[in-house]
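Dear colleague,

Please find below the structure for your attention. My findings follow directly after it.

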Amino acid sequence: VTDNGHVQPDSSRIHGILTAYLQSKAVFVTLELGIFDILDKEPYTAADLAGQMGIEQRPVRALLFALQGLQLVSREGERYQNTAEASRYLVSGKPEYMGGFAEHQDQHFGNFAKLIDAVRENRSITQRVLKEGYSNQGAAAGEGREGTGRLIQAMQVSSRLQAAQLARSAEMSHITHLLDLGCGSGAYSAALARQYPGLRITAMDYPAVCELASHVIAEAGVSGTVEVRPADIMRDPWPQSDAILLSHVLDGYGSQAEKVIEKAYTALPTGGQLFVHGHMPSLATGLFPFLFGLILLGNTEEGEVHDADDVALWMRRAGFHDVQTSNVSVLSGLITGIK
Ligand SMILES: C[S@@+](CC[C@H](N)C(=O)[O-])C[C@H]1O[C@@H](n2cnc3c(N)ncnc32)[C@H](O)[C@@H]1O
């Protein structure tokens with residue numbers, strides 16, 4: 001900033017963007033090597049850490065510098081230790097551990113070497129989600145149940161930043177039975193069940209996903225009011241309800257997305273309410289929703305970020321009235337409408 005208050009532009013912001021990939025990758029590698037776990041027990045010098053891991057000191061020093069810059073380790077004299085943030089989120093076995101989420105992002109990172117092809121040819125790299133739905137119950141081709149598990153953990157980690165906020169901002173005290181379609185980890189059903197103890201919820205997803213969601217629901221102590229029901233929501237009938245939640249479901253789909261909203265309109269009784277929650281850039285406050293379309297490009301055949309104006313238009317076109325938008329979190333927004 002100059003004396004007269006003008007900001008002198010320089011290239012530092014662009015430099016930061018162009019080198020941002022180093023930040024994630026440094027953490028992916030550190031997690032893979034278990035370094036945060038080791039440093040959580042006691043502080044280590046670079047030499048001792050290298051000895052403990054059986055690798056050369058030079059790469060360990062490079063990693064430790066990177067982590068120090070990212071404020072994930074701190075240095076006192078010659079010894080390094082985890083910062084409080086790293087200790088809370090990046091040490092395995094801790095309740096808020098984000099390792100599965102990191103693995104999921106690292107897989108995206110690997111695939112992004114081919115992002116140019118996905119952009120040029122409008123082609124999914126992993127085929128995780130096909131035009132008609134998820135190809136393999138949440139996993140990408142060849143990933144098996146481990147892939148489904150990783151996806152669920154990834155969802156749980158991001159729902160931590162959204163579910164409680166959604167439960168607070170979506171007014172549901174007048175609702176008796178809610179369908180949570182494509183419930184994923186079940187974190188939203190769990191948060192809503194806790195917020196509204198009188199609310200009955202049916203949470204639906206593919207069978208492999210439901211198995212994992214059932215654990216989350218049981219752990220949250222809300223199995224009494226939340227029923228987890230395996231189904232293909234694009235093909236199977238939905239139970240009667242007076243409200244429907246679609247959280248992060250529409251963006252997996254292209255032309256089918258509007259059809260799901262039409263199906264919701266048909267399924268609901270007059271006065272019934274639809275809640276659409278997702279990474280809508282114009283309603284969220286953070287950067288990630290703007291970037292999320294690249295993940296969809298790599299992983300889905302037709303999916304894309306559907307912003308609030310599109311979703312609101314589809315809802316009005318289906319017949320919903322009182323269509324309203326609001327911010328939910330750094331990652332998401334909410335659109336509601338009444339039949
Ligand atoms: C991105 S996740 C969102 C999960 C959860 N609602 C949330 O907000 O965290 C999308 C979920 O929709 C589910 N899904 C998508 N299409 C589906 C279908 N045709 N039948 C059942 N589940 C489906 C996926 O399996 C996945 O769990």
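I begin with one helix of this predicted model. The buried residues of H15 pack against helix H13 (256-267), and also against three strands: E10 (273-278), E11 (321-327) and E12 (333-338). The helix itself spans residues 308-318, and its buried residues are Ala308, Val311, Ala312, Trp314, Met315 and Ala318. These residues cover an arc of only 160° around the axis, which puts them on the same side of H15. The general geometry is familiar: an α-helix has 3.6 residues a turn, so residues three or four places apart point the same way. On the face of H15 turned away from the buried side, Asp309 and Arg317 are exposed. Gly319 follows H15 and has a positive phi, near 125°.

Turning to the chain as a whole, there are 15 helices and 12 strands. The radius of gyration is 22 Å, close to the 20 Å that the globule rule gives for 339 residues, so the chain is as compact as a globular protein of that length. Along the principal axes, the C-alpha atoms fill a box of roughly 70 × 55 × 40 Å.

Of the 339 residues, 48% are buried. Among contacts with a separation of 6 or more, 68% are between residues 24 or more positions apart. The accessible surface of the chain is about 16900 Å², and carbon and sulfur atoms account for 52% of that area. As to charge, the chain carries 27 positive and 38 negative side chains, and the centres of these two sets are 1 Å apart.

With kind regards

Terms used. Residues are numbered from 1 along each chain as its sequence is written. This is a predicted model: local features need pLDDT of at least 70, side-chain atom pairs count only at pLDDT 80 or more; totals for chains, interfaces and linings use all residues. Side-chain values use heavy atoms; hydrogens and water are left out. Helices (H or I, at least four residues) and strands (E, at least two) are DSSP runs, numbered from the N terminus. The radius of gyration is taken over C-alpha atoms; the globule rule is 2.2 Å times the number of residues to the power 0.38. Buried means under 20% relative accessible area, exposed over 50%, partly exposed in between (1.4 Å probe, protein chains only). Contact means heavy atoms within 4.5 Å. Accessible areas come from the Shrake-Rupley method with a 1.4 Å probe; for residues, only the protein chains shown count as cover. Lys and Arg count as positive and Asp and Glu as negative; His and the chain ends are not counted. The place of a charge is taken as NZ of Lys, CZ of Arg, CG of Asp or CD of Glu. The arc is that of the directions from the helix axis to the C-beta atoms.
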